[in-house]
Amino acid sequence: MVGAMDLSIAWGNDTHYWKWKHIPESRFAEVAILKSVWWLDIHGKIASVMLSPKTLYGAYLVYRISNQSWGLSSPGNTLVSFREVRNEISNVCLQHPMERVALRNDGWSGWMEIELGEFYYDDGDESEIEMKFEEHHQYKGGLIVEGIEIRPK
């Protein structure tokens with residue numbers, strides 16, 4: 001898994017839009033907490049040599065939603081790119097418009113995930129896998145990003 005600190009998040013270092021904090025439920029020292037932003041771009045990369053060869057993998061954005069969230073039902077786009085193969089998905093929502101998320105006592109949902117795409121890693125394909133989620137249609141907030149998980153399908 002690529003933790004939020006190792007991702008490239010648009011405006012991620014600007015405290016007007018994001019804050020970084022430790023939460024006990026995360027496996028990482030810090031997660032990214034979205035205050036408010038219009039331009040949501042989350043990009044990650046991982047070296048293919050860290051993976052097992054001859055395996056089909058999926059890449060998943062792992063996140064939580066607060067009871068104060070807004071704008072997360074606007075559809076975004078995902079991309080997983082490896083070598084010359086690009087796997088793109090359109091109209092991906094972090095929260096579906098008609099769906100209510102079950103919240104814990106602390107006001108946050110449990111960890112959720114959306115699939116960003118898949119790729120096949122063969123022997124000798126030494127390159128980077130690029131993974132993205134992008135949404136630029138409206139203001140949004142109330143999102144915690146833990147990271148992007150890569151696992152066999």
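1. Strand β4 (residues 31-34) is a good place to start in this predicted model. V31 and I33 point one way from the strand, A32 and L34 point the other way, and all are buried.

2. The neighbours of β4 are worth a look next. Strand β3 (residues 18-21) runs antiparallel to β4 and is joined to it by 4 bridges, with W18 standing opposite L34. Strand β11 (residues 141-152) is also antiparallel to β4, through 3 bridges, and here A32 stands opposite V145.

3. The salt bridges come to 11. One of them pairs R64 with E25, with the closest N and O atoms 3.3 Å apart. R64 lies in strand β6 (residues 55-70) and E25 in the loop between β3 and β4, so the pair ties together parts 39 residues apart in sequence. R64 is buried, at 2% relative accessible area, whereas E25 is partly exposed at 34%.

4. E128 and K45 also meet in a salt bridge, at 4.0 Å from N to O. This pair links E128 in strand β10 (residues 128-135) to K45 in strand β5 (residues 40-47), 83 residues apart.

5. Back in β11, R151 forms a salt bridge with E113, the closest N and O atoms being 2.6 Å apart. E113 lies in strand β9 (residues 112-121), so this contact ties together parts 38 residues apart in sequence. Salt bridges with shared partners join E113, E149 and R151 into one network.

6. Finally, do check the cavity. A search of the whole structure finds 1 cavity of 30 Å³ or more, and its volume is about 30 Å³. Its lining has 4 nonpolar, 2 polar and 2 charged residues, among them F133, E135 and K140.

Note on methods
Residues numbered from 1 in each chain as written. Predicted model: local features only at pLDDT ≥ 70, side-chain atom pairs only at ≥ 80, totals over all residues. Heavy atoms only, no water. 1 Å grid on protein atoms, 1.4 Å probe; cavity = no way out; pocket = protein on both sides within 12 Å on 5 of 7 lines; lining within 4 Å. Points joined across faces, edges and corners; volume = space filled by probe spheres on them. Nonpolar A, V, L, I, M, F, W, Y, C, P; charged D, E, K, R; others polar. Buried < 20%, exposed > 50% of the residue type's maximum accessible area, 1.4 Å probe, protein only. Helix = DSSP H or I, 4+ residues; strand = E, 2+ residues; numbered from the N terminus. Pairing = 2+ DSSP bridges. Salt bridge = Lys/Arg side-chain N within 4 Å of Asp/Glu carboxyl O.
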